[in-house]
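Let's take a friendly walk through this model, beginning with the ligand and moving on to the sheets. Keep the 3D view open as you read.

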Amino acid sequence: MLKGKEVLLGVTGGIAAYKSVLLLRELTKEGANVNVIMTRNATEFVGPLTFQTLSGNPVTTDMFSLFKGAEIGHVSLADRADLLVIAPATANMIGKIANGIADDFLSTMVMATHVPVLFAPAMNTRMWDSPVVQANIARLRSMGYHFMEPAEGELACGVVGRGKLADVEEILEEVKGLLYDKDLAGEKILVTAGPTEEHLDPIRCLSNRSSGKMGYSLATVARRRGAEVVLVSGPSCLPPPCALAPVYCTTAREMEQAIHDHLDGVTTVIMAAAVADFRPADPAAGKIKRTGRQTLELEPNPDILAGLGQNKEGRFLVGFAAETDDLIANARLKIEKKNLDMIVANDVAAAGAGFCCDTNIIKIIDRDGTITDFPMMSKEKVAEVILDHLAARKAGK
Ligand code: CTP
């Protein structure tokens with residue numbers, strides 16, 4: 001996802017410096033070329049060799065190493081980079097930059113670069129709360145620098161409070177958000193995800209094997225590309241996607257209500273949820289006891305997407321068709337029946353596709369019947385191609 005991107009990772013001297021090793025790992029796994037700049041204090045916490053080995057690039061630790069022959073190439077780092085992320089950023093580094101001090105390579109680089117700079121602060125809670133640090137951050141924010149909020153929890157000094165370095169996953173998502181084109185800006189996309197659960201009694205339910213991964217990936221990537229996103233989620237074990245607060249619901253009828261409650265201003269609905277088609281006709285108030293053979297009577301749930309299709313109000317509707325037989329014919333039928341603009345079809349019986357796995361194999365079918373095939377891809381990559389397709393169709397391409 002970050003292939004071809006040049007990232008500068010600044011590491012300053014705090015105990016959280018060890019976490020920037022993990023950030024470096026994630027950035028390189030995503031395909032970014034990373035050059036690491038460490039302050040002298042940072043090298044007291046983690047050895048430069050660790051960053052050098054994992055990045056495959058020399059690590060800059062000393063302003064004057066710039067003048068030693070081969071290292072001169074580093075002068076151009078600021079020009080080549082797409083983004084500079086400082087993680088962890090100490091109160092000292094934030095203070096220096098806010099006040100125009102450039103007395104080491106990292107602070108000099110910040111002053112020399114025109115690319116977006118993201119700070120991920122980490123420090124003791126009282127330092128974080130200090131009016132000096134907050135004023136420095138406000139000053140830098142007003143100049144267009146980007147900041148992650150530190151997390152709350154137990155700090156290395158034993159104090160519990162705000163000041164921990166934000167999760168590596170959240171920093172990575174923020175980096176992607178700063179690097180991606182905002183081609184979906186102006187769109188408000190409502191994505192549904194996960195299964196629904198229909199209760200049989202207080203402890204049992206009818207549900208399906210949907211994990212929510214496809215819908216969560218769509219919501220994440222759409223936000224990254226500038227869309228305003230509403231994520232309506234059935235019960236899922238996944239953590240909420242970074243910077244999104246899902247609207248949780250349990251049953252199909254609750255999901256329908258949640259969608260209608262959040263439809264204001266929505267330009268596109270992507271129904272990736274695996275909605276239960278039926279619910280028990282007479283859910284029991286108490287636990288159903290083992291009394292031999294039982295017959296379960298089911299009542300149909302509303303078809304949420306078909307309901308949206310009957311009253312489109314200009315919204316672009318995307319459905320999913322998870323099938324085991326006659327994939328294309330069934331998917332085409334659903335476009336008609338539910339009045340959709342496109343449908344994402346997948347054969348859930350195929351290896352590497354469907355519920356619970358991290359990959360998917362899809363075909364996108366447009367309203368005019370055009371079929372576009374895709375190979376097996378990660379669900380994040382699938383989300384990218386679905387949104388590319390959607391953006392192209394909405395632009396009339
Ligand atoms: N869907 C919905 N409400 C339902 C069932 C499905 O909104 N009660 C949506 C799904 O989120 C999906 C699309 O309709 O985007 C197709 O779902 P699918 O389960 O494949 O189709 P069904 O209409 O339920 O048809 P069938 O189960 O008979 O294949």
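How many residues surround the ligand, and which are the closest? There are 14 residues around it, and the closest are M271, A273, L305, K334 and K338. Please bear in mind that this is a predicted model.

## Polar contacts of the ligand

Two of the contacts involve oxygen atoms of the ligand. At A273, a backbone N or O atom lies 2.7 Å from a ligand oxygen. At D277, the side chain takes part: one of its N or O atoms is 2.8 Å from an oxygen atom of the ligand.

A ligand nitrogen is involved as well, lying 3.1 Å from a polar backbone atom of I304. How much of the ligand does the protein bury? On its own the ligand exposes 570 Å², and 78% of that is buried by the protein.

## The pocket and its shell

If you look for pockets in this model, the largest one is the space that the ligand takes. Three elements each give two or more residues to the shell around the ligand: the helices α12 (304-310) and α13 (327-338), and the strand β16 (316-323). Of the elements, β16 gives the most, with 4 residues.

What kinds of residues make up this shell? By class, 9 are nonpolar, 4 are charged and 1 is polar.

## The sheet of 5 strands

Now to the sheets. One of them is open and has 5 strands, which run in the order β2-β1-β3-β4-β5 with parallel pairing. Its edges are β2 (33-38) and β5 (146-147), each of which pairs on one side only.

To see the pairing up close, pick out β1, residues 6-11: this strand and β2 are joined in the parallel sense over 6 bridges. Within this pair, L9 stands opposite V36 of β2.

## The sheet of 8 strands

Another open sheet is built from 8 strands, and here the pairing is mixed. Reading across it, the order is β12-β11-β8-β13-β16-β17-β19-β20. You will recognise β16 in that list, the strand that gives 4 residues to the shell around the ligand. The edge strands are β12 (247-248) and β20 (371-373), and each pairs on one side only.

Which way do β19 and β20 pair, parallel or antiparallel? Strand β19 (residues 363-366) pairs with β20 in the antiparallel sense, over 3 bridges. For a landmark in this pair, find I364, which stands opposite T372 in β20.

Definitions and conventions. Residues numbered from 1 in each chain as written. Predicted model: local features only at pLDDT ≥ 70, side-chain atom pairs only at ≥ 80, totals over all residues. Heavy atoms only, no water. Near = heavy atom within 4 Å. Polar contact = N/O pair within 3.5 Å; in protein donor to acceptor, adjacent residues only side chain to side chain. Areas by Shrake-Rupley, 256 points an atom, 1.4 Å probe, with all protein chains shown as cover. 1 Å grid on protein atoms, 1.4 Å probe; cavity = no way out; pocket = protein on both sides within 12 Å on 5 of 7 lines; lining within 4 Å. Sits in = over half its atoms within 2 Å of the grid points. Nonpolar A, V, L, I, M, F, W, Y, C, P; charged D, E, K, R; others polar. Pairing = 2+ DSSP bridges.
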